[in-house]
Amino acid sequence: MEENQYVLEMKNIVKTFPGVKALKGVDFSVGRGEVHALVGENGAGKSTLMKCLIGIHAPTSGEIYYKGELQTGKNTAEMLKTGISMIHQELNPVATRSIMENIWLGREPLNIFGLVDHKKMYEKTKEVLKVINLQEDPKTEMSKLTVAKMQMIEIAKAVSYNADLIIMDEPTSAITDREVNQLFTVIRKLRSEGRSIIYISHKLDEIFEITDKVTVMRDGEFIGTVDTKDLKIETMINMMVGRNVDDMFPKIDCPIGEVVLEVNHLASGKFFKDVSFTARKGEILGVAGLVGAGRTEIIETIFGIRRKDAGEILINGKKVNIRSSQEAIANGMALLTEDRRETGIFPMLSVSFNTMIANIKTYVGKTHLLNKRAIISDCKQYAKAIQIKTPSLSQRVENLSGGNQQKVLIARWLLTSPQILFLDEPTRGIDVGAKAEIHKIITKLAGEGKTIIMISSEMPEVMGMSDRIMVVHDGKITGILENDKKLTQEILMAYVANAV
């Protein structure tokens with residue numbers, strides 16, 4: 001490709017933070033009308049490189065050219081005006097405002113009197129939503145939308161800037177297969193118009209379906225750029241992690257004992273009703289279903305976060321009445337939530353604080369002071385076990401990549417040594433190398449006799465890790481399936497779609 005055919009060229013980009021060199025002379029170029037994947041493990045430097053591009057960070061050294069022009073000292077707003085927009089992995093909508101107000105925030109159309117023209121904004125929003133085939137009323141408050149629809153609104157917002165280069169950071173992390181197909185239709189349309197897409201995703205099947213080229217980063221360095229059609233998945237994984245990941249789902253047959261958790265005729269509001277199942281010692285019970293099927297709501301009700309309208313819960317044969325998460329923890333439960341930013345991390349606080357907080361009572365001594373030595377020792381142990389990439393345990397957790405934030409939360413709950421561990425999308429936003437490590441930890445916990453209930457939207461994960469699979473559709477259980485050689489993805493999908 002000739003130089004003038006590039007819409008973006010980043011040359012020898014270096015970015016240094018106190019104590020860490022995040023980018024080590026990275027070169028990255030994107031052609032006009034090209035969908036270009038940017039992949040690598042968490043902490044590889046992908047997000048930092050993109051933040052340098054859109055003006056959140058200033059590169060320590062290096063040059064950025066957009067449409068052949070050198071970009072120097074521009075902030076995010078200036079880069080948007082230049083023609084570069086970004087869909088961020090972490091959603092940050094103004095929840096109490098409408099869809100149209102979120103899309104046009106800070107650039108609302110004005111009438112001749114200088115006031116916001118709500119009618120024009122409404123019509124412009126309808127046009128943008130039509131592009132992504134979303135039928136929502138522009139006046140709908142964001143808080144009333146599902147996470148999946150909020151993600152689609154973010155995509156609509158990026159499209160609304162009419163940018164020639166759009167960065168999509170994990171755009172499908174919270175949307176359904178149908179919405180993924182909608183997104184891919186939008187991407188193909190944008191590509192046909194000559195616009196370029198930088199596509200960041202840990203879902204490798206998406207990379208091969210929608211992209212033209214793949215650039216791999218590892219440990220802040222550029223590893224290589226390959227045409228997608230010439231790339232094999234094994235080669236890409238090896239480039240990303242620097243080693244072969246032979247055993248992505250290291251599930252072993254663990255001794256399965258007596259029933260630990262029993263749920264009978266559980267119901268909660270409009271979300272689900274008449275849910276009954278059991279989970280045994282040493283078992284990994286997978287929970288499958290579409291986004292919005294009620295999977296998370298079932299788990300949250302058992303954990304005391306949501307009100308129980310009917311039914312009973314038994315632990316080791318004893319009926320329990322759990323009305324709060326504190327009572328759930330006291331009964332030997334732990335819950336890794338689906339949305340780490342909203343319900344998981346304390347972003348302004350340290351890695352060690354975020355790791356130990358659920359277990360803080362065990363570190364309070366006779367003097368009522370925290371045993372800092374024990375805290376640091378335990379946090380170091382789990383940081384090493386899960387391979388959390390952080391300059392130090394005192395680093396603010398918001399400064400870690402999304403995947404490393406997820407690892408901190410997993411370490412938090414493992415530290416409580418729970419009897420029953422609920423994992424809601426435990427590997428969402430986590431790279432292939434880290435997924436294998438987390439899967440090993442989950443299997444190890446099952447081998448130690450823990451009861452694992454794991455929600456996953458990834459079919460290979462739920463089939464690769466589970467002893468049995470409970471399928472939820474529209475608030476009801478459509479089947480509890482033995483995960484044996486007879487079970488195929490086609491059979492499982494039939495239960496997911498309630499087509500059995």
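Buried means under 20% relative accessible area, exposed means over 50%, and partly exposed lies in between, with a 1.4 Å probe and protein chains only as cover.

## About this model

Welcome to a predicted model, in which local features need pLDDT of at least 70, side-chain atom pairs count only at pLDDT 80 or more, and totals for chains, interfaces and linings use all residues. Residues are numbered from 1 along each chain as its sequence is written, and side-chain values use heavy atoms, with hydrogens and water left out.

## A covered strand

Let us begin with strand 17, residues 420-424 (helices, H or I with at least four residues, and strands, E with at least two, are DSSP runs numbered from the N terminus). Five of its five residues are buried. I420, F422 and D424 lie on one side of strand 17, with L421 and L423 on the other, and both faces are covered. In a regular strand, side chains alternate between the two faces of the sheet.

Which strands pair with strand 17 in the parallel sense? Strand 16 (residues 333-336) does so over four bridges, and strand 18 (residues 451-455) over five; pairing requires that DSSP finds at least two bridges between two strands. L421 stands opposite A334, while L423 has M454 of strand 18 as its bridge partner.

## A six-stranded sheet

Elsewhere in the report's tour, we meet an open sheet of six strands, with mixed pairing and the order 6-7-8-3-9-10. Strand 6 (84-87) and strand 10 (221-227) are at the edges with a single partner strand each, so one side of each has no neighbour in the sheet. From one strand to the next, the twist averages 20°. (Axes are lines fitted to C-alpha atoms, for helices over the stretch in contact, and angles run from 0 to 180 degrees between N-to-C directions.)

Strand 9 (residues 213-218) and strand 10 run antiparallel and are joined by six bridges. G224 in strand 10 is the bridge partner of V216. Helix 8 (residues 233-241) packs on the sheet and touches strand 3 (35-39), strand 9 and strand 10, where contact means heavy atoms within 4.5 Å. The direction of helix 8 makes about 30° with that of strand 9.

## An exposed loop residue

Now for the surface: is I112 buried or exposed? I112 counts as exposed because its relative accessibility is 80%. This residue, I112, sits in the loop between helix 3 (99-103) and helix 4 (118-131).
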